[in-house]
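Q: I should like to learn how to read the fold of a protein from its strands and helices. Could we work through an example together?

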Amino acid sequence: MVNVDLFASMPVYLYGLTSALSRRGLRVIGAKESAAEGLSPHSDVVVVDVNVLQGCDPADFITAAATVAPVVLMVDEIGADSSDIYTGAGVRVVTSLRAGIDDLVQLIAETAGTGSHENAPEDAKSPALSQREEQVLRHVARGLTHGQIARILGISQHTVDTYIKRIRTKMTLGNKAELTRAALEYEAALT
């Protein structure tokens with residue numbers, strides 16, 4: 001799964017793009033309206049709306065972002081001048097803010113080095129989960145409680161809690177909602 005750190009200047013655009021990327025199997029680990037909000041250290045790709053760079057030194061921000069992950073810059077109009085300026089600072093790819101979502105998803109996947117995003121279900125299996133962790137995660141995807149999972153698997157609820165903690169660590173998940181979403185994506189990738 002590709003972790004995306006997303007910067008977009010308009011809240012509605014940021015929300016819509018975050019939702020669209022998530023629905024297509026990318027994990028948005030940061031959705032920010034300002035470059036001042038900082039970079040997420042665990043991103044595979046940093047996607048930046050050029051309008052976020054107003055009020056800061058674009059070259060400094062892009063240089064810092066490029067040290068974290070490859071940078072995809074979305075601009076109003078693609079021109080040779082802007083492309084050269086930004087690629088010189090460390091931008092890997094320049095694309096249009098008007099790009100279609102499928103094109104953008106493909107571009108992000110390629111920039112992250114995962115190749116075609118059509119292989120996303122295999123990418124979703126990338127964390128090395130044990131067989132028991134996979135069983136627990138499948139039950140989470142089905143909406144079962146920790147107690148129900150424990151009864152089905154014939155183990156204690158404390159053991160289920162331990163498996164959940166390990167899964168969260170391996171998949172870099174924070175809260176229950178992220179765990180549930182990842183479980184559903186993982187289950188879908190296996191079918």
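The dialogue below concerns a predicted model and takes up its sheet, its helices and its core in turn.

Q: In what order do the strands of the sheet lie, and is the pairing parallel or antiparallel?

A: The order within a sheet is read from one edge to the other. Here 5 strands make an open sheet in the order β2-β1-β3-β4-β5, with parallel pairing. The edge strands, β2 (27-32) and β5 (91-96), each pair on one side only. From one strand to the next, the twist averages 20°.

Q: How many bridges join β1 to β2?

A: Strand β1 (residues 3-7) is joined to β2 by 5 bridges, and the two run parallel. As an example of residues facing one another, D5 stands opposite G30 in β2.

Q: Which strands does helix α1 touch?

A: Helix α1 (residues 11-23) packs on the sheet and touches β1, β2 and β4 (71-75); its direction makes about 175° with that of β2. Helix α4 (residues 101-112), for its part, lies across β1, β3 (45-49), β4 and β5, and runs at about 175° to β5.

Q: Which residues of the largest nonpolar core touch the most other members?

A: In soluble globular proteins, nonpolar side chains tend to be buried together. In this model the largest nonpolar core has 19 residues, of which V4, L6, L21, L26, V47 and I108 touch the most other members. At least two residues of this core come from each of β1, α1, β3, β4 and α4. The largest share, 4 residues, is that of α4.

Q: What is V47 in contact with, beyond its neighbours within four places in sequence?

A: V47 is in contact with V4, D5, L6, F7, V72, M74 and I108, those neighbours being left aside.

Key: Residues numbered from 1 in each chain as written. Predicted model: local features only at pLDDT ≥ 70, side-chain atom pairs only at ≥ 80, totals over all residues. Heavy atoms only, no water. Pairing = 2+ DSSP bridges. Axes fitted to C-alpha atoms, helices over the stretch in contact; angles between N-to-C directions. Contact = heavy atoms within 4.5 Å. Core = buried A, V, L, I, M, F, W, Y, C linked by side-chain atoms within 4.5 Å. Buried < 20%, exposed > 50% of the residue type's maximum accessible area, 1.4 Å probe, protein only.
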